[in-house]
Amino acid sequence: HAARTHRYADAPGAARDALAAMGRLQAGDAAALKGLYDRYAALLYGVILRMVGQAAEAEDVLQQVWIQAWRGAASYDPARGSVASWLLTMARSRALDRLRSLASRRREGGTEAPVPDPRSPDPAAGLESRGRAERVRAALDRIDPRHREVLELAFFGGLTQAEIAARLGKPLGTVKTWARTGLTTLRAALADEVEA
């Protein structure tokens with residue numbers, strides 16, 4: 001159980017494992033991408049789903065994130081943040097791109113109706129994705145409301161930490177701490193869900 005709990009946490013061992021996987025990915029090792037996928041896919045999917053609101057769209061965006069990670073692995077710089085932060089930034093960016101694309105398609109079509117959510121060709125995959133999304137939502141609901149608010153403003157609202165600090169009237173250092181603590185708690189909660 002302890003090994004699995006630390007799988008999502010920012011513990012030094014988990015961070016070293018993720019960095020080692022990134023190094024292998026940068027060298028073209030496809031197995032390293034699978035390892036990162038196993039570690040972070042549920043977290044990324046939950047963030048994307050909350051942003052785009054449609055399972056099929058979220059699955060497509062998640063696939064784009066992993067393609068971007070594969071093709072852009074050389075751009076990862078550990079001095080700028082953790083592997084998880086790098087992946088979450090890509091997920092947020094691709095989800096925002098998808099939201100803009102969906103809005104544009106609706107405007108061009110002259111309707112405000114949502115884009116249809118096509119049925120998954122593989123019902124088992126759809127159930128698995130929905131299960132992951134439910135686990136992420138449940139984990140978000142269990143973390144401290146202050147931490148959840150900071151994460152939602154950052155990942156769903158597209159705000160920087162400085163903008164969040166201004167909006168909440170809190171010092172930037174406090175917002176950074178809440179974000180880091182929220183992500184750590186979320187990862188631990190997701191690890192507990194996987195264990196259960």
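Arg98 is buried, with a relative accessible area of 12%. In this predicted model, the side chain of Arg98 meets that of Glu57 in a salt bridge, with 2.4 Å from N to O. Glu57 also counts as buried, at 8% relative accessibility. Both values fall under 20%, which means that the two partners of this salt bridge are classed as buried. Glu57 belongs to helix H4 and Arg98 to helix H5, which covers residues 83-109, so the pair ties together parts that are 41 residues apart in sequence.

**Salt bridges**

A search of the whole structure finds eight salt bridges. Three of them are listed here with the distance between the closest N and O atoms.

| Salt bridge | N to O distance |
|---|---|
| Arg24 and Asp29 | 3.7 Å |
| Glu57 and Arg98 | 2.4 Å |
| Arg94 and Asp97 | 2.5 Å |

The salt bridge between Arg94 and Asp97 is placed within a single helix: both residues lie in helix H5. They are three residues apart there, about one turn of the helix. Asp97 is partly exposed, with a relative accessible area of 34%.

Some salt bridges share partners, and in this way Glu57, Asp60 and Arg98 are joined into one network. The buried residues Glu57 and Arg98 are thus also members of a network that includes Asp60.

In the salt bridge of Arg24 with Asp29, Arg24 is partly exposed, with a relative accessible area of 40%. Its partner Asp29 is partly exposed as well, at 29%. Both values lie between 20% and 50%, so neither residue is classed as buried or as exposed.

**Confidence along the chain**

The chain averages a pLDDT of 78, and 77% of the residues score at least 70. Confidence is highest in helix H4, residues 55-71, with a mean of 92. Glu57 of the salt bridge with Arg98 lies in this helix. The lowest confidence in the chain is that of helix H1, residues 2-5, where the mean is 35.

Two stretches have a pLDDT below 50. One covers residues 1-11 and has 24 contacts in the model beyond near neighbours in sequence. The other covers residues 112-124, with 13 such contacts. Where pLDDT is low, the predicted coordinates should not be read in detail.

Key. Residues are numbered from 1 along each chain as its sequence is written. This is a predicted model: local features need pLDDT of at least 70, side-chain atom pairs count only at pLDDT 80 or more; totals for chains, interfaces and linings use all residues. Side-chain values use heavy atoms; hydrogens and water are left out. pLDDT is the predictor's confidence in each residue, from 0 to 100. Helices (H or I, at least four residues) and strands (E, at least two) are DSSP runs, numbered from the N terminus. Contact means heavy atoms within 4.5 Å. A salt bridge is a side-chain nitrogen of Lys or Arg within 4 Å of a carboxyl oxygen of Asp or Glu. Buried means under 20% relative accessible area, exposed over 50%, partly exposed in between (1.4 Å probe, protein chains only).
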